[in-house]
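Grab a coffee and open the viewer. Here are some exercises to work through, each with a solution you can follow on screen.

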Amino acid sequence: MTSRLQPSCVLLVAMPEFSVPGDLSSDNLVAAKIFDGEKLLLTQRIRHDQQELKRLLHEDFEEVGASGRSYNRAQIIEQLMAEPVEESPTLQLFEPRIWQLSETLVLLRWKTGADIPSQRTSIWVRSAHGWQLLFHQGTKLPMIPADAAAPPCAESETQAFVRPLLPSDAPQVLEAFSSHPDMARQGEVQNLVEAENYIQQLLRNPEHQVPLAIVQGPGLVGLASASIDSGNRNAWVWYWMHAAHRGGGLASRALAALADELFTVRQMHRLELGLRVNNPASRKVAERCGFVLEGREREKFLINGERIDVLNYARLVTDQAPPITALSLHPARQDR
């Protein structure tokens with residue numbers, strides 16, 4: 001028995017056109033909301049706030065971890081609430097790309113920093129509760145050895161590097177010191193004049209100070225510096241970052257660049273640094289850059305009425321180089 005299929009009538013419906021913002025710094029309102037929501041989910045405060053997590057994660061939320069295992073909303077919230085605050089990762093979004101798939105669906109792809117390299121994919125849905133995360137997946141990326149040749153690429157505003165500190169960096173230094181209360185321990189900088197004086201102190205004696213500006217985008221976002229003891233071929237190193245640029249691996253890569261400069265150009269034999277025992281982020285930076293814990297100074301600092309121990313680290317020129325990609329060191333440019 002044969003049958004004859006009758007041609008069906010196809011109704012073509014005009015679909016609305018949607019913009020595809022490739023740059024999250026654009027004025028696209030949807031992109032801004034998605035970007036803000038994703039950044040909130042990376043903060044320690046939100047990751048330990050059950051109500052906020054329920055607000056941002058859709059009831060049908062699913063996450064696929066690096067192992068390939070899937071987790072629902074309840075499981076993810078339970079894991080985050082049980083995670084010690086000091087062990088919560090602090091990540092930043094790099095190379096974000098965003099597409100609006102429909103009026104209620106948006107796809108966001110981004111990467112983490114070099115120290116915890118991964119590719120992230122998120123799908124956000126607009127529900128009765130606003131924009132909520134519906135799906136998330138993270139895929140680990142391979143670490144790049146420090147001695148690996150960098151692939152050729154064009155300079156861009158987002159490419160980070162280090163260069164000598166300049167007097168014209170004063171506005172960015174002031175902005176960094178204003179970014180978080182903990183920056184008060186780095187020095188007294190509350191206005192532009194004090195920022196200029198802070199820089200002048202570091203530039204006054206180039207034989208004994210090596211301050212390198214950490215630059216990303218339009219200007220300085222951090223500092224890695226060293227005080228030279230030429231007689232003993234030792235150097236005391238320290239670093240700080242604008243609060244908005246922490247957690248992306250820049251401090252570690254900048255410290256690696258400073259160490260390379262001190263060992264190869266300045267012919268230093270030993271680098272030293274100290275950090276508060278309650279500063280796990282700084283401790284990770286030191287250890288990623290090959291610094292070895294040598295001792296502990298008990299109750300050295302008095303902070304807000306509490307005595308805090310200090311951990312002392314050092315790295316020798318003969319120590320094995322760590323597997324980290326140092327930021328490139330750009331030469332000094334003419335200050336304007």
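A residue counts as buried when its relative accessible area is under 20%, as exposed when that value is over 50%, and as partly exposed in between. One thing to keep in mind throughout: this is a predicted model.

**Exercise 1. Work out which residues of helix H7 are buried, and decide whether the helix is enclosed.**

Step 1. Find H7, which covers residues 250–264. The helix has 15 residues and reaches 21 Å from its first C-alpha to its last, close to the 21 Å expected at 1.5 Å a residue.

Step 2. Apply the under 20% cut-off. The buried residues of H7 are Leu250, Ala251, Ser252, Ala254, Leu255, Ala256, Ala257, Leu258, Ala259, Glu261, Leu262 and Phe263.

Step 3. Draw the conclusion. Because 12 of its 15 residues are buried, H7 is largely enclosed by the rest of the structure.

**Exercise 2. Describe the largest nonpolar core and say which element gives the largest share of it.**

Step 1. Start with the general idea: in soluble globular proteins, nonpolar side chains tend to be buried together.

Step 2. Pick out the best-connected members. The largest nonpolar core has 35 residues, and those touching the most other members are Leu255, Leu258, Leu262, Leu273 and Phe291.

Step 3. List the contributors. Two or more residues each come from strands E8 (209–216), E9 (219–229), E10 (234–241), E11 (270–276) and E13 (306–316), along with helices H7 and H8. The largest share is 10 residues, and H7 provides it.

Step 4. Zoom in on Leu258. Skipping neighbours within four places in sequence, Leu258 is in contact with Val210, Leu212, Ala224, Ser225, Ala226 and Val237.

Step 5. Look elsewhere too. A separate core of 20 residues lies apart from this one, and its members include Phe61, Ile77, Leu108 and Leu133.

**Exercise 3. Find the aromatic pairs and classify their geometry.**

Step 1. Count them. Searching the whole structure turns up 2 aromatic pairs.

Step 2. Take Phe177 and Tyr198. Their ring centres are 5.2 Å apart and their planes are at 70°, so this pair is edge-to-face. Phe177 is in helix H5 (residues 170–177) and Tyr198 in helix H6 (residues 192–203), so the pair ties together parts 21 residues apart in sequence.

Step 3. Move to Phe177 and Trp240. This pair is edge-to-face as well, at 5.4 Å centre to centre with 75° between the planes. With Phe177 in H5 and Trp240 in strand E10, the pair ties together parts that are 63 residues apart in sequence.

Step 4. Check burial. Phe177 is buried at 7% relative accessibility, Tyr198 is buried at 13%, and Trp240 is buried at 3%.

Step 5. Put it together: ring pairs link Phe177, Tyr198 and Trp240 into a cluster.

One ring elsewhere has a charge for company: the charged end of Arg185 sits over the ring of Phe301, 4.9 Å from its centre.

**Exercise 4. Count the salt bridges, then sort some of their residues into buried and partly exposed.**

Step 1. The cut-off is a side-chain nitrogen of Lys or Arg within 4 Å of a carboxyl oxygen of Asp or Glu. The count by this rule is 8 salt bridges.

Step 2. Try Asp169 and Arg163, whose closest N and O atoms are 2.7 Å apart. Asp169 is buried at 2% relative accessibility, and Arg163 is buried at 6%.

Step 3. Now go to helix H8 (residues 280–288), where Arg283 and Glu287 lie 4 residues apart, about one turn of the helix. Their side chains meet in a salt bridge at 3.2 Å, N to O. As for why that spacing matters, an α-helix has 3.6 residues a turn, so residues three or four places apart point the same way. Arg283 is partly exposed at 30%, and so is Glu287 at 41%.

Step 4. Finish with Glu272 and Arg270, which form a salt bridge at 2.6 Å, N to O. Glu272 is partly exposed, at 23% relative accessible area. Arg270, Glu272 and Glu294 are linked in a network of salt bridges.

**Exercise 5. Place Lys33 and say whether this residue is buried or exposed.**

Step 1. Lys33 belongs to helix H1 (residues 29–40).

Step 2. At 53% relative accessibility, Lys33 counts as exposed.

Step 3. Compare sequence with space: Lys33 and Trp131 are 98 residues apart along the chain, with 7.6 Å between their C-alpha atoms.

Notes:
Residues are numbered from 1 along each chain as its sequence is written. This is a predicted model: local features need pLDDT of at least 70, side-chain atom pairs count only at pLDDT 80 or more; totals for chains, interfaces and linings use all residues. Side-chain values use heavy atoms; hydrogens and water are left out. Buried means under 20% relative accessible area, exposed over 50%, partly exposed in between (1.4 Å probe, protein chains only). A nonpolar core is a set of buried Ala, Val, Leu, Ile, Met, Phe, Trp, Tyr and Cys residues joined through side-chain atoms within 4.5 Å. Contact means heavy atoms within 4.5 Å. The expected span of a helix is 1.5 Å times one less than its number of residues. Rings of Phe, Tyr and Trp (its six-membered ring) pair if their centres lie within 6.5 Å; planes under 30 degrees apart count as stacked, over 60 as edge-to-face and the rest as tilted. A charge sits over a ring if NZ of Lys or CZ of Arg is within 6 Å of the ring centre and within 35 degrees of the ring normal.
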